[in-house]
Amino acid sequence: YTAVLTSTTTTGTAHVTGTINGTPLSESVFVDFVPGPPSAATTRIDRSASKIVADGSSTATITVQAFDANGFRIQTGGSGVTLQTTRGVFDTITDHGNGKYTAVLTSTTTTGTAHVTGVINGNAITSSTGVDFVPGPVAGSATIMDRGARTLPANGTSSATITVLARDQFGNDVKVGGATVVLQTTRGTLGTVTDLGTGKYT
């Protein structure tokens with residue numbers, strides 16, 4: 001006697017029992033419903049951090065989690081996974097043998113957003129992620145100063161605005177305030193320094 005068991009679209013174990021002429025069978029069988037092959041449409045790409053410092057050494061871990069077409073997490077490795085980024089560099093991808101693949105993204109020394117995409121078994125993964133490379137701490141060696149006028153009449157009333165533009169050690173604009181800026185002059189008088197909250201002080 002035979003019968004065809006058709007799987008559902010949910011994973012789990014089917015326990016098959018039966019009777020013969022009304023008497024329960026002494027044996028039963030189990031059939032595991034397992035995830036199908038990885039699907040590029042449902043596989044996910046994620047990041048350990050949304051922002052890292054643009055210093056050439058800060059890192060974020062990018063994770064690819066394989067899912068099948070029905071959205072079930074795949075628990076085995078062996079898929080061909082590659083990652084691409086528009087900024088920064090990746091190390092070698094690690095297959096953890098459980099459907100998860102990781103690689104470390106290292107920042108460059110310029111700010112911007114790294115857009116990360118991937119491929120699994122030759123198919124482009126629909127999911128993508130991004131990591132922002134942000135300025136590091138303010139560096140006096142890279143911060144610049146500007147003036148509103150090159151010359152002023154020496155009449156005791158004329159004025160020019162002095163502007164300090166905060167930058168990190170790699171010359172990236174620091175676009176937040178909060179630094180302590182002190183200005184001195186050998187001639188004339190300076191007003192109070194104003195923090196504009198954008199990395200600019202006047």
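This tour moves through a predicted model, one selection at a time.

**The main nonpolar core**

Begin by selecting Ile 45, Ile 62, Val 64, Leu 83, Leu 105, Val 131 and Phe 133. These residues have the most contacts inside the largest nonpolar core, which has 20 residues. At least two residues of this core come from each of strand S7 (59-65), strand S8 (81-85), strand S11 (100-106), S12 and strand S14 (129-134). As general background, nonpolar side chains tend to be buried together in soluble globular proteins.

Next, centre the view on Leu 83. Leaving aside residues up to four places away in sequence, Leu 83 touches Ile 45, Ile 62, Val 64, Phe 90, Ile 93, Ala 103, Val 116, Thr 117 and Gly 118. Another core, of five residues, lies apart from the one just visited; among its members are Ala 166, Val 174, Val 181 and Tyr 201.

**Strand S7 and its partners**

Now display the backbone of S7 together with strand S5 (residues 44-47) and S11. S5 and S7 run antiparallel and are joined by four bridges. S7 also pairs with S11 in the antiparallel sense, here over seven bridges. Gln 65 is a convenient residue to select in S7, where it stands opposite Arg 44. Gln 65 also stands opposite Lys 100 in S11.

At residue 59, select Thr 59, which is found in strand S7. Is Thr 59 buried, partly exposed or exposed? With a relative accessible area of 42%, Thr 59 is partly exposed. Its contacts, not counting residues up to four places away in sequence, are Ile 52, Val 104, Leu 105 and Thr 106. For a distance check, pick the C-alpha atoms of Thr 59 and Ala 49: they are separated by 8.5 Å, and the two residues are 10 residues apart along the chain.

**Arg 73 in the loop after S7**

Follow the chain into the loop between S7 and S8, where Arg 73 has its place. Arg 73 counts as partly exposed because its relative accessibility is 43%. Select its surroundings next: apart from residues up to four places away in sequence, Arg 73 touches Pro 35, Gln 65, Ala 66 and Phe 67. Gln 65, already met opposite Arg 44, is therefore a useful point of orientation for this contact set. Then draw a C-alpha to C-alpha distance from Arg 73 to Arg 87. These residues are 14 residues apart in sequence and 29 Å apart in space.

**Two asparagines with positive phi**

Select Asn 21, in the loop between strand S2 (19-20) and strand S3 (23-24). Asn 21 has a positive phi of about 50° although it is not a glycine. Its relative accessibility is 81%, so Asn 21 counts as exposed.

Move on to Asn 121, found in the loop between strand S12 (112-120) and strand S13 (123-124). Asn 121 is not a glycine either, yet has a positive phi of about 50°. The relative accessibility here is 42%, so Asn 121 counts as partly exposed.

**A nonpolar patch on the surface**

Switch to a surface representation and select Leu 5, Val 16, Val 29 and Val 31. Together they form a nonpolar patch on the surface, with about 290 Å² of accessible area. Within this patch, Val 16 is found in strand S1 (residues 12-16). Val 16 counts as partly exposed because its relative accessibility is 35%.

**The three-stranded open sheet**

Return to a backbone view and display S15, S16 and S17. These three strands form an open sheet in the order S15-S16-S17, with antiparallel pairing. Which strands lie at the edges? The edge strands are strand S15 (144-147) and strand S17 (200-201), each of which pairs on one side only. Strand S16 (residues 162-165) and S17 are joined by two bridges and run antiparallel. To inspect this pairing, select Leu 165 and its bridge partner in S17, Lys 200.

**The salt bridge**

For the last stop, select Asp 173 and Arg 167. How many salt bridges does the structure hold? The structure holds one salt bridge. Asp 173 forms it with Arg 167, and the closest N and O atoms are 3.0 Å apart. In general, side chains of opposite charge can pair when their charged atoms come close. Asp 173 is partly exposed, with a relative accessible area of 39%. Arg 167 is also partly exposed, and its relative accessible area is 25%.

Key
Residues are numbered from 1 along each chain as its sequence is written. This is a predicted model: local features need pLDDT of at least 70, side-chain atom pairs count only at pLDDT 80 or more; totals for chains, interfaces and linings use all residues. Side-chain values use heavy atoms; hydrogens and water are left out. Patches are made of residues with over 30% relative accessible area and no salt bridge: like charges are joined within 9 Å, nonpolar side chains (Val, Leu, Ile, Met, Phe, Trp, Tyr) within 5 Å. Accessible areas come from the Shrake-Rupley method with a 1.4 Å probe; for residues, only the protein chains shown count as cover. A salt bridge is a side-chain nitrogen of Lys or Arg within 4 Å of a carboxyl oxygen of Asp or Glu. Buried means under 20% relative accessible area, exposed over 50%, partly exposed in between (1.4 Å probe, protein chains only). A nonpolar core is a set of buried Ala, Val, Leu, Ile, Met, Phe, Trp, Tyr and Cys residues joined through side-chain atoms within 4.5 Å. Contact means heavy atoms within 4.5 Å. Two strands pair if DSSP finds at least two bridges between them.
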